[in-house]
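Please open the structure in your viewer and keep the selection panel at hand. The tour below goes from the ligand outwards, one selection at a time.

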Amino acid sequence: MTYKIWLQAYLKHPLRLGAIFPSSAALASLMVKHINSDTNGPVLELGPGTGSFTRALLRQGISEQNLVLVEQSQEFVKLLKSLFPKATIVCNDARNISRISSDLGIKKFDEIVSGLPLNAIRDEQRRIICNESFKTLKPRGSIVQVSYLPRCSIPNSVISKHSAKKIYCGVTIANIPPAFVWRAEKC
Ligand SMILES: C[S@@+](CC[C@H](N)C(=O)[O-])C[C@H]1O[C@@H](n2cnc3c(N)ncnc32)[C@H](O)[C@@H]1O
């Protein structure tokens with residue numbers, strides 16, 4: 001059922017999804033392994049889709065109440081609301097993170113996890129999303145980003161602008177397609 005929703009969304013907007021299958025549990029574990037289980041502030045997930053990274057965040061010890069999921073697709077939002085009833089789930093564009101967080105009364109997120117297909121998003125839009133993400137992230141927090149290419153898809157110019165540190169987290173071939181993970185830690 002979940003995959004049927006994914007496939008329908010993929011056929012409608014292939015570039016918005018960027019992958020023909022949801023992420024594997026192996027990739028999801030790599031995405032969240034740097035996050036401490038005692039993180040008790042809000043954690044933002046961008047582009048949760050059918051919830052692969054969301055489940056990994058819960059396995060990592062993050063409480064469902066502390067999760068804020070921002071997803072553009074209404075079909076995925078409906079599914080996510082049934083799977084994670086205690087999380088805050090917002091149907092919106094990731095470009096609007098500042099407005100979304102201020103509407104929710106959230107000053108800063110402890111961590112940001114992004115499954116957005118940043119490489120398939122236009123340069124300007126990508127820069128806006130990454131800038132907005134850094135603005136709403138606490139110092140010492142990270143933006144972790146998946147990439148299907150062997151390069152970090154958070155622009156270097158944005159990383160330098162926010163004096164962040166780029167860290168390579170690894171690659172997993174146990175995913176279709178194989179995926180690379182980088183994170184940018186805010187100083
Ligand atoms: C590659 S899928 C990743 C889904 C899930 N995180 C996973 O790994 O299985 C990308 C997700 O980002 C969402 N998305 C794409 N552009 C977006 C945007 N500008 N704002 C919010 N969500 C977006 C898509 O609808 C899709 O759910």
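Which atom of the ligand has a polar side-chain atom of Ser23 at 2.4 Å? Select Ser23 together with the ligand, bearing in mind that this is a predicted model, and you will find that the partner of this side-chain atom is an oxygen atom of the ligand.

Next, select Glu71, where a polar side-chain atom lies 2.6 Å from a ligand oxygen atom, and then Gly47, which instead brings a backbone N or O atom to 2.9 Å from a nitrogen atom of the ligand. With the ligand now shown as a surface, note that the protein covers 98% of the 600 Å² of accessible area that the ligand has on its own.

Widen the selection to the whole shell, which holds 20 residues, with Leu17, Ser23, Gly47, Glu71 and Ala94 as the closest. The ligand sits in the largest pocket, and the elements that contribute two or more residues to the shell around the ligand are α2 (14-17) and α4.

From here, select helix α4, residues 52-59, and colour Ser52, Phe53, Thr54, Ala56 and Leu57, which are buried. An α-helix has 3.6 residues a turn, so residues three or four places apart point the same way. To see what surrounds the buried residues of α4, add helix α3 (25-32) and the strands β1 (43-46), β2 (67-71), β4 (111-114) and β5 (142-147), against which these residues pack.

Finally, move just past the helix to Gly61, which follows α4 and has a positive phi, near 105°.

How values were computed:
Residues numbered from 1 in each chain as written. Predicted model: local features only at pLDDT ≥ 70, side-chain atom pairs only at ≥ 80, totals over all residues. Heavy atoms only, no water. Buried < 20%, exposed > 50% of the residue type's maximum accessible area, 1.4 Å probe, protein only. Helix = DSSP H or I, 4+ residues; strand = E, 2+ residues; numbered from the N terminus. Contact = heavy atoms within 4.5 Å. Near = heavy atom within 4 Å. Polar contact = N/O pair within 3.5 Å; in protein donor to acceptor, adjacent residues only side chain to side chain. Areas by Shrake-Rupley, 256 points an atom, 1.4 Å probe, with all protein chains shown as cover. 1 Å grid on protein atoms, 1.4 Å probe; cavity = no way out; pocket = protein on both sides within 12 Å on 5 of 7 lines; lining within 4 Å. Sits in = over half its atoms within 2 Å of the grid points.
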